Amino acid sequence: MRIVFALLIALHALIHLFAPAKAFGWAQLSQLRTPISALGGSLWLVAAVLLAGAALGVARGAPWWWWLALPGVVLSQFLITQMWSDARFGTVANLLIAIPLVLLALDHRPSSFRSRFAHDRDLLLARATAPAPLVTETDLAVLPPLMQRYLRRVGAVGRPHVRNVRVRFEAQMRGSATAAWMPSTATQYEFFSPPARLFYMNATRSGVPLDVLHRYVDGAAMFQVRMASLFPMVNEGGPALTRAETVTLMNDVVVLAPAAVLDLPFTWQRATDRTLEATFANAGHTVSASLTFDADGDLVGFISNDRKQVAGRNIPWSTPISDYRVVDGIRIGTHGETNWVDPAGEWTYGKFDIRSVAYNIDR
């Protein structure tokens, strides 16, 4: 969809070159009947350059594309009104480009999910945090052997204790086992002193944009979804959701920032040679999960009975982990799935691929 949109803008930009071609005598264009001055031709050229730059930004997924698209569309539409009989159909292209521009403008209002996410992030980053000493073998001694091996394997020893983490994902989401996948991007911030989690996702369903916000701060969680940044679809909160989000936080710690277990209230009990039963306490909730490790010591499975679905059912929640590689100096599983284990069988509702990770950040 992004590439199609970029091609639309690029084609629109190319068509703008017809006017300067006539104004400066670059080509004979008899289909343009309206006289075009040198100034008019120059303005059409400026609009073409702005739109071409916006098309490049869209194709690259750059956030700055709209800074070029907005003046480009405004100038383009002004010029079209001056040559209405020849250029009126360009209005259709400008309207198509204007739709995401309007959505972006809505996204930057104070009440938008993006603005609220950024506000909470900045407040949490501004909190004073204790210096992060290096993780030592002595630190690992309090953990069961499976976790000791896992932390050594990810490369935690010799690196600072983890105070916070920022993760960016590409994802696919769906609401049921038979629903179509929705392409998504997400950014997540996690803080561990005290624990907090912020998760902001943009998804697209049948071409309609959806915004998703998870907020777990000061011992309370909420989950909201809006269509086109305006229309509420989901608005969840309360103790049951906070308990569920405590499980999510627990999962994020052991998968994305495993060294943080050294500073958080985890307890452990070995179940088999490759599994651990773990518990985690926060915000008045104590939740548990079973962790599974492969023969090399990588964490490959996490399953908990303490995370309810939005619909209210309390069934096992599973997150298989794979594709281990080094990111920001830590070896982590970069592909994860989120599954519900229904009585009829396990099904995946989310697929996440990590694009970047940064630890102990201040911005």
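A nonpolar core is a set of buried Ala, Val, Leu, Ile, Met, Phe, Trp, Tyr and Cys residues joined through side-chain atoms within 4.5 Å. With that in hand, here are some views of this predicted model.

**View 1. The whole protein chain, as a place to get your bearings.** Welcome to the predicted model. The protein chain is built with 10 helices and 14 strands. Along the principal axes, its C-alpha atoms fill a box of roughly 80 × 45 × 35 Å. Of the 363 residues, 50% count as buried, while the chain exposes about 17,300 Å², with carbon and sulfur atoms supplying 61% of that area. If you like contact maps, take the contacts between residues at least 6 apart in sequence: 53% of them join residues at least 24 apart.

**View 2. The largest nonpolar core and the residues at its heart of contacts.** This core has 66 residues. Met147, Leu151, Val261, Phe266, Trp268, Leu291 and Leu299 have the most contacts inside it. Helix α10 (residues 239-256) gives the largest share, 8 residues.

**View 3. Methionine 147 and its partners from elsewhere in the sequence.** Zoom in on methionine 147, one of the residues with the most contacts inside the largest core. Set aside the neighbours within four places in sequence, and methionine 147 is in contact with Val261, Trp268, Leu276, Leu291 and Phe293. Three of these names, Val261, Trp268 and Leu291, also appear in the list of residues with the most contacts in the core. Apart from this core lies another, of 15 residues, including Ala54, Trp65, Trp66 and Leu104.

**View 4. Helices α3 and α4, packed side by side.** Two packed helices are described by the angle between their axes and the distance between the axes. Here helix α3 (residues 38-60) and helix α4 (residues 65-82) pack at an angle of about 145°, with axes 8 Å apart, and their crossing is left-handed. On the α3 side, look for Leu43, Trp44, Val46, Ala47, Leu50, Leu51, Gly53, Ala54, Gly57 and Val58. They meet Trp65, Leu68, Ala69, Pro71, Gly72, Val73, Leu75, Ser76, Leu79 and Ile80 in α4. The residues of this contact divide into 16 nonpolar, 4 polar and no charged.

**View 5. Threonine 242 in helix α10.** Our last stop is threonine 242, found in helix α10. Threonine 242 counts as buried because its relative accessible area is 5%, and the cut-off is under 20%. Beyond the neighbours within four places in sequence, threonine 242 is in contact with Tyr216, Gly219, Ala220, Ala221, Ala283 and His285.

Key
Residues are numbered from 1 along each chain as its sequence is written. This is a predicted model: local features need pLDDT of at least 70, side-chain atom pairs count only at pLDDT 80 or more; totals for chains, interfaces and linings use all residues. Side-chain values use heavy atoms; hydrogens and water are left out. Axes are lines fitted to C-alpha atoms, for helices over the stretch in contact, and angles run from 0 to 180 degrees between N-to-C directions. Helices (H or I, at least four residues) and strands (E, at least two) are DSSP runs, numbered from the N terminus. A crossing is left-handed if the near helix is turned anticlockwise from the far one by less than a right angle, and right-handed if clockwise. Contact means heavy atoms within 4.5 Å. Ala, Val, Leu, Ile, Met, Phe, Trp, Tyr, Cys and Pro count as nonpolar, Asp, Glu, Lys and Arg as charged, and the others, Gly among them, as polar. Buried means under 20% relative accessible area, exposed over 50%, partly exposed in between (1.4 Å probe, protein chains only). Accessible areas come from the Shrake-Rupley method with a 1.4 Å probe; for residues, only the protein chains shown count as cover.
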